Amino acid sequence: MSGAPMVPPMPTSPLEKLRWTLADGWTLVRREFWHMKSEPIQIVLPLIFSGALVLLFGYVFGSAISVPEGGNYREYLMPGLFAMASGTPAMINAVAIAREKSKGVVDRFRSMPMSRVAMPFGKTGSDIGIGIIALAMTATVGLLVGWRAHEGLGRTVAGFAILLFFRYAMSWAGVFLGLATKSETLDNLGPLFFPFIMISNAFVPTGNMPTWLRTIADWNPVSAVTQSARVLFGNPGADATHSAWPLEHPIIATLGWSVLLIVVFGSLAVHRYVTAED
Amino acid sequence: MAGSTESDASVVAEGLSKRFGKTEALRGLDLYVAAGTVCGMLGPNGAGKTTTVRILATLIRPDSGYARVAGFDVVRDRGKVRYHIGLAGQYAAVDEKLSGRDNLRMFGRLYHLSDRVARSRADDLLERFDLAEAGGRRVETYSGGMRRRLDLIASLIIAPRVLFLDEPTTGLDPASRNEIWAAVRNLAQEGTTVLLTTQYLDEADQLASQIVVVDRGRTIASDTPDALKAAIGDRLDVVVRDVRELAAAAEVLSRFAGLEARVTPERREASVAHNSGSLAVVDVIRELDRAGLSVENVSLRRPTLDEVFLRLTGNDQPDPPDWRDAPPESNSHADMKAGKP
């Protein structure tokens with residue numbers, strides 16, 4: 001066809017291939033930010049979301065919840081909301097990818113001479129940037145209602161870093177879920193996401209739950225993440241003694257959960273993307 | 001027009017088979033598309049058209065058989081195949097949250113064009129396909145026809161040697177359909193090989209120089225539209241003045257042709273295949289007259305591609321099931337079997 005550009009030949013050396021993979025991944029990372037440019041509401045969505053939750057839990061339910069060893073409930077609540085914000089890509093990515101799969105966008109990518117792994121890596125990679133924005137928004141709401149990090153700059157940064165790492169892991173879980181499920185199935189699974197977040201120590205201490213439920217809540221990754229944030233930010237509930245190992249060693253538990261999720265869902269998602277036939 | 005040696009073929013497939021669970025989607029399908037031509041692939045839902053395109057576009061692998069596109073094996077050299085193909089279909093496979101221009105820019109970057117080249121290519125294509133004004137808007141706001149055109153453009157960024165169009169006009173209004181047709185004709189003139197699947201026989205008739213009829217996972221005919229029509233013979237249509245006389249007219253036609261005539265009461269028409277001169281039009285008219293039937297029109301004509309198709313798939317009977325609306329996969333097969341005389 002007239003005026004068609006010359007396409008650079010396929011790379012042969014491993015180094016060139018890696019460069020192509022990174023270039024493709026970066027293009028797809030930028031795509032997510034172009035989405036934000038064309039739909040700015042997405043940027044402030046976490047702000048509205050965490051604002052509503054702070055109002056609901058911090059002021060409505062919180063007025064009746066007492067924090068173990070005292071302390072401000074809203075300071076107790078914020079680490080839970082950070083953990084919740086970090087869990088959302090599992091659902092958001094799954095829905096977005098399942099939709100693109102049904103629209104044929106995934107097929108188009110797979111029929112092009114681009115890196116096989118760029119699409120899942122681009123999706124999860126862009127989520128780090130989106131996660132930083134979401135955490136900043138949530139923290140802003142927290143600061144407005146009296147939440148503070150009390151343990152100095154180093155531990156504060158560590159707290160946010162561990163939240164982001166967990167988010168990255170959840171992002172991979174979402175990519176796999178989206179590739180493995182049909183769009184309609186996900187609509188039905190969606191409501192299960194909230195029990196996953198709620199059956200944890202994110203909003204209330206687990207101590208008064210029935211034993212069986214308490215065991216589930218204590219071993220929920222969300223609990224370890226919440227507890228890590230409480231410890232690193234020095235928020236109420238940080239010093240409470242726990243019967244469950246993940247809450248006694250929340251940081252190790254969070255890192256362990258995250259690595260496990262990345263390894264399992266990362267390899268499943270890449271394998272699924274490269275070989276998918278449906 | 002290219003010759004018929006295999007080296008001239010842009011798409012060759014031999015004995016392609018593919019099974020999804022219990023469904024045998026392809027059962028030894030053969031295909032040959034000469035370079036620089038438009039090939040129309042016809043078949044009812046579930047015949048295996050989309051599966052074939054997905055194999056040729058390297059999205060899935062055949063269970064057996066082999067295929068080459070632009071000279072490369074679709075399994076062993078799939079990386080190279082992807083350099084030479086474009087894929088567009090009934091789903092507008094573009095990012096709806098991006099503008100048309102940003103979509104093309106993104107796909108251009110994924111072909112490893114520089115940002116400058118990707119942008120100018122996007123602008124060229126938008127201009128050429130009459131989307132320059134809408135280029136800055138999000139695809140969500142586009143009409144069905146505009147989306148389909150953008151989808152087509154997105155598969156033309158690198159000027160592919162072989163373009164796969166999977167039901168490109170399904171669900172489009174006639175104006176949008178004409179625009180897609182014009183685009184396909186242009187591409188073919190510039191030397192792109194096009195494999196087009198369609199359920200609309202007039203679409204294949206309009207665009208394709210070669211027709212491949214597929215049914216239940218196999219190729220059942222492959223020729224030019226004219227040759228296919230010639231092969232099943234002309235048709236003789238009789239229109240009566242009074243619909244009450246239609247059955248008697250059909251009876252006369254059936255007797256002469258030795259085949260059951262097809263009756264369309266809405267048009268007061270009886271129609272029958274005209275086989276190898278066995279049916280002298282003059283004799284038919286005389287016989288109709290003798291029976292005291294009042295005839296409005298008698299005409300001898302080439303069959304439509306619909307009639308060719310129905311004959312080939314064994315559905316040449318008075319009231320063919322409307323396979324265009326048949327449910328996908330096994331159901332349509334059941335319909336077709338039930339439809340056999």
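**Exercise 1.** Work out whether B:Ala70 is buried, exposed or partly exposed, then place it in chain B.

*Solution.* Start with the count: B:Ala70 has 19 C-beta neighbours inside 10 Å, so it goes down as partly exposed. The cut-offs here are 20 or more other C-beta atoms within 10 Å for buried, 12 or fewer for exposed, and partly exposed in between, with C-beta atoms placed from the backbone. Next, find the spot: B:Ala70 sits in the loop between strand 4 (64-69) and strand 5 (72-73) of chain B. Last, check the backbone: phi of B:Ala70 is near 50°, a positive value in a residue other than glycine.

This is a predicted model, where local features need pLDDT of at least 70, side-chain atom pairs count only at pLDDT 80 or more, and totals for chains, interfaces and linings use all residues. Residues are numbered from 1 along each chain as its sequence is written, while chains are lettered from A and ligands numbered from 1 in the order in which they are written.

**Exercise 2.** Do the same for B:His112: is it buried or exposed?

*Solution.* B:His112 has 21 C-beta neighbours inside 10 Å and therefore counts as buried. Its loop runs between helix 3 (100-110) and helix 4 (115-128) of chain B. Phi of B:His112 is near 65°, again positive in a residue other than glycine.

**Exercise 3.** Describe the side of chain A that touches chain B.

*Solution.* First, the totals: 28 residues of chain A are in contact (C-beta atoms, placed from the backbone, within 7 Å) with 34 residues of chain B. Then the elements (DSSP runs numbered from the N terminus: helices H or I, at least four residues; strands E, at least two): helix 1 (14-38) and helix 5 (105-110) of chain A each supply at least two residues of that side. Helix 1 of chain A gives the largest share, eight residues.

Technical notes:
Two residues are in contact if their C-beta atoms, placed from the backbone, lie within 7 Å.
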